Amino acid sequence: MLYHYTDFAAFDGIIRCAELRLNNILNMNDTSEMRLFMNGICKAVVERLLQDGENEKAFMMESFFHKEMEEEFHYSAYAACFSKYRDDAAQWERYGHLGQGVCIAFHKRLMEKMIGGAVSLQTVYYQEDMREHHLVDDFYQLMKETTEFSTMPPALQTLMNEAWVQSAAFKHPSFASEKESRLVVSPFMLHEFAIEPKYHVAVGRIKKYYPLDLNRMCGKLGMHLSDLVVEIIIGPTSSQSIPILQDYLADCGLNVLRHKISLSDCPLRKPTS
């Protein structure tokens, strides 16, 4: 299973509207998102070039990466996040509205069948040292073979684009306990992306996101949303009534889910006012 911890407002969007939102990774709680990977690749390539005495090319490499990272918002990936852990205290606190929210368990195998094209399901890796990543060799070999740097070589931009795509799958090691998987899309790579962005207007700011139509995605495989949802877990500090949630599901046309509701066993202390 893949577990998605959230609040009840987002739960309504997923269940009643059958819409899963992919949000900008750069706005998530790990402030090193995407940058960690890009910095790690750059550092590893520069070290190898310096070891070869290629000081000028090492400087060029740093300059290319620095310029790219100034444009990081253009390369933003968008994702919906899941954990491998069921009823986990840290997940409830970070993403489940301090335990007052809800956790939706999705069938991983069915989700893997649903996605494709622009949307991928990625396992997240927690590391800072990128020296063993294949892109380090790719960048290194390209820099060794390149003699003209008046403009960015097309092959270098291609590698940069690949690096940005890969960066969405790496997080700081301090988040390793989350055991995260992500549904990810990188819109900058797609000239014709079938999903149009939407905007959530809150009191304090406007957020951009990409909506996934779960009904359409399930329908392509002859499935229903209720096949994808395995369990609904009410948070450990939530006051949500099970009978009302059951009525809600029935009125959403998802009566079959009313028997998939459970209460969290996590002994998370309720927040004090």
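**Pockets, a cavity and ring pairs**

Trainee: Which residues lie nearest the centre of the second largest pocket?

Mentor: The second largest pocket has 16 lining residues, and those nearest its centre are Val119, Ile195, Arg216, Met217 and Lys220. Two elements, E10 and helix H8 (214–219), give two or more residues to that lining, and E10 gives the most, with 3 residues. This is a predicted model, in which local features need pLDDT of at least 70 and side-chain atom pairs pLDDT 80 or more, while totals for chains, interfaces and linings use all residues. Residues are numbered from 1 along each chain as its sequence is written, and side-chain values use heavy atoms, with hydrogens and water left out.

Trainee: Hang on, what counts as a pocket or a cavity, and what are H and E?

Mentor: On a 1 Å grid over the protein atoms alone, a cavity is a set of points where a 1.4 Å probe fits but cannot get out, a pocket is an open set with protein on both sides within 12 Å along at least five of seven lines, and lining residues have an atom within 4 Å of a point. H names a helix (DSSP H or I, at least four residues) and E a strand (at least two), numbered from the N terminus.

Trainee: And what kinds of residue line the second largest pocket?

Mentor: Its lining divides into 11 nonpolar, 2 polar and 3 charged residues, where Asp, Glu, Lys and Arg count as charged, Ala, Val, Leu, Ile, Met, Phe, Trp, Tyr, Cys and Pro as nonpolar, and the others as polar.

Trainee: OK, what volume does the largest pocket have?

Mentor: The largest pocket has a volume of about 1200 Å³, and of its 37 lining residues the closest to the centre are Thr6, Asp7, Ala10, Asn23 and Lys207. Its lining splits into 14 nonpolar, 11 polar and 12 charged residues, and the elements that supply at least two of them include strand E1 (2–6), helix H1 (8–15) and strand E10 (206–213).

Trainee: What lines the largest cavity, then?

Mentor: The largest cavity has a volume of about 30 Å³, and among the residues that line it are Leu20, Phe106, Met111, Leu183, Met217 and Leu228. Its lining is made up of 9 nonpolar residues, with no polar and no charged ones, and helix H5 (108–114) and H8 each supply at least two of them.

Trainee: Switching topic, how many aromatic pairs are there?

Mentor: The count comes to 10 aromatic pairs, taking rings of Phe, Tyr and Trp (its six-membered ring) with centres within 6.5 Å, and calling planes under 30 degrees apart stacked, over 60 edge-to-face and the rest tilted. The rings of Tyr5 and Trp92 have centres 4.9 Å apart and planes at 90°, so this pair is edge-to-face. Tyr5 in strand E1 and Trp92 in helix H4 are 87 residues apart, and both Tyr5 and Trp92 are buried (under 20% relative accessible area).

Trainee: Why is the pair of Tyr78 and Tyr210 edge-to-face?

Mentor: The planes of Tyr78 and Tyr210 stand at 75°, with the ring centres 4.9 Å apart, so the pair is edge-to-face. Tyr78 lies in strand E3 and Tyr210 in strand E10, so the pair ties together parts 132 residues apart in sequence. Tyr78 is buried, with a relative accessible area of 3%, and Tyr210 is buried too, at 7%.

Trainee: Which residues form a cluster through ring pairs?

Mentor: Phe8, Phe11 and Tyr248 are linked into a cluster.

Trainee: And where does Arg21 lie?

Mentor: Arg21 lies over the face of Tyr209, 4.1 Å from the ring centre, by a rule that needs NZ of Lys or CZ of Arg within 6 Å of the ring centre and within 35 degrees of the ring normal. The charged end of Lys171 sits over the ring of Phe175, at 4.4 Å from its centre.

Conventions:
Grid points are joined across faces, edges and corners, and a volume is the space filled by probe spheres set on the points. Buried means under 20% relative accessible area, exposed over 50%, partly exposed in between (1.4 Å probe, protein chains only).
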